[in-house]
Structures are given as C-alpha cells and as structure tokens.
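User: Could you take me through one small part of this protein and then show me what surrounds it? I'm new to this, so please explain the terms as you go.

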Amino acid sequence: MTKEPKILVTGAAGFIGFHLSKALTASGFEVTGIDNLNSYYDVSLKESRLRILQSDPGFVFRRVDMGDTQGINKVFKEGAFTNVINLAAQAGVRHSITHPHVYIESNIRGFLNILEGCRHSRVAHLIYASSSSVYGANRKMPFSTSDPVDHPISLYAATKRSNELMAHTYSSLFGLPTTGLRFFTVYGPYGRPDMALFIFTKAILEGKPINIFNNGKMRRDFTYIDDIVESIVKLIPHVPLSSDSFDDSDPSRSFAPYRVFNIGNSNPVELMECIDILEKKLGRKAIRNYQPMQDGDVSETYSDNDLEREIGFRPNTSIEVGIDRFVDWYLAYHK
C-alpha cells in the first residue's frame, strides 16, 4: 500500500512557499509549513499570506528558524514526511554583500539541518531551491545546467551553489534523492517587495524615481509564479534514481540520485520593455533614474528548457499577462 504524501514546505510564508503550499493543499496534499517570519522585508505581507494558508484545514504551520537544529529535528520527528520542499533561505544578492553572516546561518547551516532531517527520516524526495544566480560570470546563453558554475559573484550565489554540492554529498553518501531548482526572476501576486517589479510599481504610483541599473541594458528571464508552482508539483513524483552510466561532463546529473534543473520562461525580456508594459498598465509614466551596474549583479539571465523533457511542461506565461495579474493584485492589496 502506497503511503499518502505528507509534505513539508520550508519558507511557507515566503512568496514561492505561499503559492506552492496553497496549490498543494488544493490538490489534497497534507502540508506542514515552517517559517521564521523574519524582518528582511515587510512582515505584514508574510502574515497576510499565512492567514490565507491557515484558513485551509490541510495546512499546519510551525514557526521555526532554519538554523535552529533542535527545532528542525522536532518538526521532522513529529511530521513523518514523505517529501520535503525547501524554499526557506535568506534571499537577496546585494543584502548578502552587507550582511554575509546571515546567509551562512540560514542558507548553509539551515540547509544542513534539512538534509539531516531528510536523511534520518528517510524522506522519499527532497526538492530544494537553488537560483539562477549560481551562473555568476557565465557568458554563454542560454544558461544550461550542463554548464560549469564555478564563478559566483555574490555570497548569495555561493551559498546556493553550496546547497547543490551539499545535496549531492547526501545523495551519494546516504542515497537521499535530491532535486535542485534554479529559479529565474520569479514574479507575481504576493511577490517580494525587494524585487524590481514590486519596487517599480510602488515608485511609479507614488510619483518617485525608479533606479535603472546598467543604464537600462539589462535582460531578465521573468518567470511567473504559477509556472514555478506547476513545475514543482509535477516534479514531486519524478524521484531521481542512481545510475551506473555517469558522465562527469554534465554536473546536473550523477551516479547518485541527484538532479538539478532550471525553471525559467526561456524568453528574456529587456528591462526597458518591462517598464513600458508597467507604465501602460498603470496609466502613468515612470521617472527613470539611470545608474551604473550594481555589485553582484549580472546584465542578462536566460534559462534553457531542459525541464520540459522531464515533466512535459514549460513555463509559458507572457510578461504582459504576468504584469497585468501582478498589478491587479498590487492595487487590490494596497487599496
């Protein structure tokens, strides 16, 4: 008799964690969500997400910090999870330059606690968030998981790459099936206030200037949140398997039960085009303040679509549709 999936989602009050938890409970899964509700950005937004999740009887919340080893151990001991989806992390490229210790505590030590919990609980599949930032100084486009990623340009990126290496170690040593997901510029309703689309919308509505870095010469592979969630849900039953045919030229695969995928729209958009679409939707012009490139940033991101071969789905929401939905939510939420 197959055991019914019981899923732990870390970072459940975060942007992606909220939407994923909502989708999982709507599909009938039993979900336990953990989050520390830290103050990196507006806590009231996290609390709003959490109130929606807690209205569903299929969702249980535990307030736990990822770095709290005893707290995480207790969650695993009480949960008997079949699957774990680790989305909790200290986010933000530039914040990692000024607050490096926070990233080690949350993204390294916290992830180790998750790996240990999965190992000792014999979790069937760990899916965890990596980031497109691991490509760092890579110049070949589109970014592919078969490319080397040895030149990170921010500590945030370095911690995410470290997560991939840590996951491989546990897959190799303990047979823990792990799947890492490199997300590309995720946006949508209930998005993070530190992301460009949120910042631009707020500033345009308030008549304040928006900073446009690298003098506007930026392209991003904007990926709508619903596409991210559908990709993750479809990946849950795709458990990586050990393989005797090991090609060490492709770092996204292994002899161990380990995989890494990109999740992106595979359609980079010029930042200036994104702002034009925003202006049209809001009916207001942006005050554009052109700036040089920021430390730790890259001029372009572009995902391949290797994931489609695995799950038969690829992100496909256009930037016009995605921005329209985001702005509608923003106006309603801040009415």
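What is the relative accessible area of Ala-80?

Analyst: Before the answer, a quick word on what you're looking at. It's a predicted model, with residues counted from 1 along each chain as its sequence is written, and side-chain values use heavy atoms, leaving out hydrogens and water. Local features need a pLDDT of at least 70 and side-chain atom pairs count only at 80 or more, while totals for chains, interfaces and linings use all residues.

Now to your residue. Ala-80 has a relative accessible area of 42%, so it is partly exposed. The cut-offs are under 20% for buried, over 50% for exposed and partly exposed in between, using a 1.4 Å probe and protein chains only. Ala-80 sits in the loop between H3 and S4. Those labels come from DSSP runs, numbered from the N terminus: helices are H or I with at least four residues, and strands are E with at least two.

Ala-80 also has a phi near 50 degrees, a positive value in a residue that isn't glycine. Here's the background: most residues other than glycine have a negative phi, and most peptide bonds are trans. Tyr-190 likewise isn't a glycine and has a positive phi, of about 65 degrees. Tyr-190 lies in the loop between S7 and H7, and with a relative accessible area of 15%, it counts as buried. As for the peptide bonds, the one from Met-141 to Pro-142 is cis, with omega near -5 degrees. You'll find Pro-142 in the loop between strand S5 (125-129) and helix H6 (155-174).

Back to the neighbourhood of your loop. Helix H3 (residues 69-79) lies across strand S1 (6-10), S2 and strand S4 (83-86), and runs at about 165 degrees to S1. Contact here means heavy atoms within 4.5 Å. The angle is taken between N-to-C directions on a scale from 0 to 180 degrees, with axes fitted to C-alpha atoms and, for helices, over the stretch in contact.

Those strands belong to an open sheet of seven, ordered S3-S2-S1-S4-S5-S6-S11, with parallel pairing. At the edges are strand S3 (59-63) and S11, each pairing on one side only. From one strand to the next, the twist averages 15 degrees. Two strands count as paired if DSSP finds at least two bridges between them. S1 and S2 are joined by five bridges and run parallel, and Thr-10 has Ile-34 in S2 as its bridge partner. Strand S2 (residues 30-35) has five bridges to S3, again running parallel; there, Thr-32 is partnered with Val-60. S1 has four of its five residues buried, so it is largely enclosed by the rest of the structure.

Let's move along the sheet to strand S6 (residues 178-183), where Thr-179 is found. With a relative accessible area of 1%, Thr-179 is buried. Leaving out residues up to four places away in sequence, Thr-179 touches eight others by name: His-125, Leu-126, Ile-127, Tyr-128, His-238, Pro-240, Arg-259 and Phe-261.

What about the gaps? The second largest pocket has a volume of about 220 Å³. Of its 17 lining residues, Leu-241, Arg-253, Ser-254, Tyr-258 and Arg-259 are closest to the centre. Strand S11 (residues 258-263) gives the most to this lining, with three residues. On a 1 Å grid over the protein atoms alone, a pocket is an open set of points with protein on both sides within 12 Å along at least five of seven lines, a cavity is a set where a 1.4 Å probe fits but cannot get out, and lining residues have an atom within 4 Å of a point. Points are joined across faces, edges and corners, and the volume is the space filled by probe spheres set on them.

As for cavities, the whole structure has three of 30 Å³ or more. The largest holds about 90 Å³ of space. It is lined by 13 residues, with Val-186, Tyr-187, Met-195, Leu-197 and Phe-198 nearest its centre. Strand S7 (186-187) and helix H7 (196-206) each give two or more residues to that lining, and H7 gives the most, with three. So the loop holding Tyr-190 runs between these two elements.
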